[in-house]
Every structure is written in C-alpha cells, then in structure tokens.
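Subject: Structure for your review

Dear colleague,

Please find below the structure I am handing over to you. My notes on what was found in it follow.

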Amino acid sequence: MTKTVLVVDDSSSLRALVKIALTRAGYTVMEGSDGQEGLSQLDRGSKINLIISDVNMPNMDGITFVQRVKQHPKHKFIPVIMLTTEDEQAKMQQAKAAGARAWLTKPFNPPELLDAVSKLASA
C-alpha cells in the first residue's frame, strides 16, 4: 500500500521539489502552505503516514504545528521531519520537545530525505 506524506511549507517551489522526489519514490503527497493548512489537510481524514514541515511559516509556524498535531489523539503518532533553513540548536530542541523525530536542513539532499522518510514512514 502506498504511504502518504504531508508536506507543509510556505514555499511552493520547495513543496514541488519534495513532491517530485517523493512521488518518484512511490509516495503519495499532500501539501499545505502553513501550519493552519497542514492541520486542515489532517482533518480531511486521509491516512497520513508522515509529515515533513518547515519551521518558519506565516499564520502558524512549524513548531506550533507539530505541537498541535501531537495534541490530537488521532494524529499524535504520525512521525514528523522538520525540513528547514534553521540550524539553531535551540530551535532543534524546541522541535524535538514538540515531537519532531528528525531535522534536515535546506537545501536538502534527496537521497538523505528519502532515507529519513523510508525509515520513519514505516515506523
């Protein structure tokens, strides 16, 4: 069965690049342009196996988004990868405390991203 990944990032070009890498690897991709839209996608009821989220976004940042996801009983076990330009230890610790399982920096390396996705999407 195909795994579904939700990509949440305010950059449409970044979402497109991640989508290309994931769809070529056989994943189904859903998208959100910020944390609010990401939560809306989750509420639509499709089974999401993994979330990839940026940190810095308008309306709702990535760390707040992860906190909200993890508070929801139906979604709290979905693994989250943060994909961001941020490399501050404090931000990484905040994301980990919120429930993120991995941290990758932009520009991303597609094989590294796919490796993390394959490990966490099947967890």
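**Findings**

Gln67 is part of helix α3. Please note that the model is a predicted one. With a relative accessibility of 37%, Gln67 counts as partly exposed, because that class lies between the 20% and 50% cut-offs. Its C-alpha atom is separated by 5.0 Å from that of Ala98, although the two residues are 31 apart along the chain.

Helix α3 also matters for the account of the interior. The largest nonpolar core has 21 residues, and those touching the most other members are Leu6, Leu42, Ile48, Ile51, Phe65 and Met82. At least two residues of this core are supplied by each of β1 (4-8), α2 (35-43), α3 (62-71), β4 (80-84) and α4 (89-98). The largest share, four residues, comes from α3. For Phe65, contacts beyond the neighbours within four places in sequence are Leu6, Val8, Gly35, Gly38, Leu39, Leu42, Ile51, Ser53 and Met60. There is also a second, separate core of 19 residues, with Ile81, Leu104, Leu113 and Ala116 among them. In soluble globular proteins, nonpolar side chains tend to be buried together.

Next, strand β1. Five of its five residues are buried, so β1 is largely enclosed by the rest of the structure. Thr4, Leu6 and Val8 point one way from the strand, whereas Val5 and Val7 point the other way. In a regular strand the side chains alternate between the two faces of the sheet. Strand β1 runs parallel to β2 (residues 28-32), to which five bridges join it, and Val5 stands opposite Val29 in β2. Between these two strands the chain passes through α1, and the resulting β-α-β crossover is right-handed. Four bridges join β1 to β3, again in parallel; here Val7 has Ile52 as its bridge partner.

Finally, helix α5 comprises twelve residues, 110-121. From first to last C-alpha it reaches 16 Å, close to the 16 Å expected at 1.5 Å a residue. Its buried residues are Leu113, Ala116, Val117, Leu120 and Ala121. These lie on the same side of α5, because they cover an arc of only 115° around the axis. They pack against β1, α1 (12-24), β3 (50-53), β4 and β5 (102-105). The face turned away from this buried side carries Pro111 and Lys119, which are exposed.

With kind regards

Definitions and conventions:
Residues are numbered from 1 along each chain as its sequence is written. This is a predicted model: local features need pLDDT of at least 70, side-chain atom pairs count only at pLDDT 80 or more; totals for chains, interfaces and linings use all residues. Side-chain values use heavy atoms; hydrogens and water are left out. A nonpolar core is a set of buried Ala, Val, Leu, Ile, Met, Phe, Trp, Tyr and Cys residues joined through side-chain atoms within 4.5 Å. Buried means under 20% relative accessible area, exposed over 50%, partly exposed in between (1.4 Å probe, protein chains only). Contact means heavy atoms within 4.5 Å. The expected span of a helix is 1.5 Å times one less than its number of residues. The arc is that of the directions from the helix axis to the C-beta atoms. Two strands pair if DSSP finds at least two bridges between them. A crossover is right-handed if, with the strands pointing away from the viewer, the path from the first strand over the helix to the second runs clockwise.
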